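Reader: I would like a close look at one part of this model, with enough of its surroundings to place it. Please take the reading slowly and give the cut-offs behind each term.

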Amino acid sequence: LKGSTPAFDGRWCGPPQISASSNATADECLLAKVMITRAPTVAFVAVAHVVLFVAGSVVDQGDNEALGSLSWSPTGASGDAFLELGSRGHLERVMRNMTTSLALEVAPLDRHPGLREFVVSRLGGGHSTSALSFLQVRSGAGKKASAATKVMSADAARELLNGMAQEAQGKLDLEGVKCADAHDKQHAMTEGARQDIGDYNAQAATARARILGTETGISTFQDKLPRLNEALRLHQAKCQDDIQALQAQIQLVLKDVDTLGKVSELTSCGINLKTSLLECRNSTLPAADKASAPAGQQGLSFITFGHRVLRRKVAQLQSSAVRSAVHQALADVAESSASATGRSRSRRHRRAHHRRRPRSLLQEGHARRGVQAPESDGKNATVGNPLDAIAREYGRGGCTVRAKPTCDTLRDKFLVMQANVADKADSLRNTLANVESMCQETAGNYQAQIEEMSTRLQDQQAALAEATKVVIEAEEQSRLTGQALQRLQQEAQNTAEQCKASLDAIAQQICSIKQIRGELYKMEAKRPFIQDCEVSPWMPEECSVTCGGGSQRMVRSVVVPASLGAACPPLTMERKCNEQSCPVDCMLDDWSGWSACSAQCGGGIMERVRQVRMQSSGGGRPCGSTLESATCGSDPCDTDCSLSEWTRWSGCSKACDGGFMVRKRHVAQKATGQGSCPAADSQSRLQYRRCNEAQCQPKDGDTLKCTSKVDVVLILDGSGSLGQEGFDQVKALGQKLVSAFQMGADGAQVAVLLYSGPSSWPDYQKCTGGTGTVDLAKDCKLIWVSHFTADAGPLSGQLPTLAWPKASTLTSAALATAEAELRGGRADAESLVIAITDGRAMNPHKTLQAAESLRSKARLMWVPVTRKASLDDIKSWASKPVADNVVLVEDFDELSSARNVNRIIADACPKVE
């Protein structure tokens, strides 16, 4: 049998007594060693029917008793159901169906010629011809009988048959072990295939779940991307429209600046052009002249130039707001001229003149409410006045000639107006820059969102492709493994059927031997008690190892000892066990650090990885995930700023007359994206509380004294709009304020700046544009009366002697100059700037910028005088709270009064007496 099957290779040898007495060769022995190949897809195929003969062997009772243990080595340790075949119960069932004729066909009688002939001679007469013919053909019984037949008895035959039964029992044990091992291996492969199918199906299910997730993400991104692109397109289109509109406005304003420059040239003192003014009604003007009238003033009285050339220049202004501003300026000039004329007349004539004087646009409110201006009767025209013809041209009651203003007043008005329009152009440029910056920032935000969403869409699409690939591969592997499982199951069934047939055949041999043995005694009319040895089922002991291949000892005990029957088979044997590879757990390296977040806001992903140091095997713990991801950057891209807690309340800003305590909230974290943040002066970040509301009482004299350590810069307005009386009052107030500060090393030090502005447009451009060499005192009318000093005497005596600059109002330059002076101040002293003015600044936008810069270094107070001061602008320029930093004075007559001095000192100084 050696090499008869790929899964069976070896020999089985009887005990030494058998080999020695029979002179059996090694090739005649079947060693008790079974090797079963472990190819994963090849099932073990058992031998269907094995019949072993040892030629010339003679087995006696002594040899049977001398049998020791049968040593063999299987490769499995389960499937012991096959070991039950050949048990007492199984043999009894076979014996019930055994007949003598079947026994003669099955029993291996030809292994001993004498035995064969003896059995034929004893049993031949009572059995069928076919059975005898079968034996005769196999044994040559047709020839002459052997001499041995004559001397053999039933007892001798019994001993030979017992030996054959014992040998068959050994084959039955060996075949059962082979079949059990084969079953275990096939069962393991079948279960492994089922496990693989389960794993593949789990992989496919996980991948399908990921497909659903990625499809949802892809659908979301595909829905959002077009909307983001459309929002970006609309934003860019709106920005383009806004930018073009601002650029067009800037061009219009610049043209108006040029036009105003030409009007200013025509009205300068060196030009011999009549600059008388007319008070007219819009309804009386020809169509060509109505363009110079302020918009919305049809049927109302307004002031315009008497000269047609000047009216045509005003009509060329592009902006209706600028045209209205021109007429407002002319109304102010006419009113100023009328006031100057009225002061030289008697009170009665002044009242009469006041009733007839033209209204400014600020006074047109009554007309807007339906009160029509009185029409002139034309009698006011002076005889011989060249403007009478214009009045006659518009008809009776059309226009009234007004007094001719001084060229200085008219020049200053148009210079201020021209500066304001140029300032508007600067403001529009800043607005344009802000719009462009905001548009770029917003577009960048949209583009960043689009790029990030496109990247995430690509990632989702890649994940979808990968998950789809996993599903396809897992399903294909599951299908192939399912086919392999079917083949394994079929092979296992075939092997089980073959094993059962083989074991049944060996069991039939044992039963046939016992049947013949009994029949022989019957033929001799003997009834001896024959008891074959009966043993218990095999009891496996623990395997020597749990994996990697070990040995297992199988034992059984004698249940019924032999009596004239077959001796007991081996009671112990060894077989291989747990030959599966030992489990090796997967070994992984440590996690790497987290990667950078894929998005700083709006939701991103960060990842970390680890490498496989050793893959698992033999059922060891599988490798865990080698890639880990976590969400990050989950904060919205557009977040509002976060604010700190409120600070403590500050000290009171004033010692008396009601001051304020302040508390603030600072920005703890800036806003991001399109998020917003409350302004620093909003109520959510800045709060005030009233304090020290008791009225101030001067300690000595009528005025308060400031005893605080403070560096003060006084800015005195010397513009032409003040008039000589107004300028004298400004100087008087400056002198009293200087005297009100207690000066010294631990007290105040004061600097005084007298300012006005340029007298011409070229000078204005030099003072504001940095073109050419600038003389601050001559070109810009910025005159330092004194830099910081602690000597009040000389400074107080110098103020009354100041000359009136009598020019425009370049407030922005005055603030910037005062800021430069503060650099020479004391580090431990509070910085304070007090500005005294009567009118509008030439360039409000630049003035606001200068005020904001100055407020970052010092406290800025304003003392506006008369209704001409732009209170809204001044409030935006002043430090907060406005109530402590804007001291409004109604007219110049009261400007230097002790009451106003005390108001200013009380607001300016934390410590007074």
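Author: What follows begins with the open sheet and then turns to helices, cores and the whole chain.

This is a predicted model, in which local features need pLDDT of at least 70 and side-chain atom pairs count only at pLDDT 80 or more, while totals for chains, interfaces and linings use all residues. Residues are numbered from 1 along each chain as its sequence is written, and side-chain values use heavy atoms, with hydrogens and water left out.

The sheet is built from 3 strands in the order E5-E6-E8, it is open, and its pairing is antiparallel; strands are DSSP runs of E with at least two residues, helices are runs of H or I with at least four, and both are numbered from the N terminus, while two strands pair if DSSP finds at least two bridges between them. Strand E5 (539-540) and strand E8 (572-577) are the edge strands, each pairing on one side only. Strand E6, residues 550-555, runs antiparallel to E8 over 6 bridges, and Val555 has Thr572 in E8 as its bridge partner.

Among the helices, H17 (residues 761-769) has Trp761, Asp763, Tyr764 and Cys767 buried, where buried means under 20% relative accessible area with a 1.4 Å probe, protein chains only. Seen down the axis of H17, these buried residues fall within an arc of 155°, so they line one face of the helix; the arc is that of the directions from the helix axis to the C-beta atoms. In helix H19 (residues 811-822) lies Ser812, which is buried with a relative accessible area of 9%. Beyond its neighbours within four places in sequence, Ser812 is in contact (heavy atoms within 4.5 Å) with Asn843, Lys846, Thr847 and Ala850.

The largest nonpolar core, a set of buried Ala, Val, Leu, Ile, Met, Phe, Trp, Tyr and Cys residues joined through side-chain atoms within 4.5 Å, has 66 residues, of which Phe305, Ile715 and Val833 touch the most other members. Helix H15 (residues 407-523) gives the largest share of this core, 13 residues. A second, separate core of 42 residues includes Leu733, Val889, Ile904 and Cys909.

For the protein chain as a whole, the secondary structure comes to 23 helices and 21 strands, and 44% of the 913 residues count as buried. Of the contacts in the chain with a separation of 6 or more, 78% are between residues 24 or more positions apart.

Key. Buried means under 20% relative accessible area, exposed over 50%, partly exposed in between (1.4 Å probe, protein chains only).
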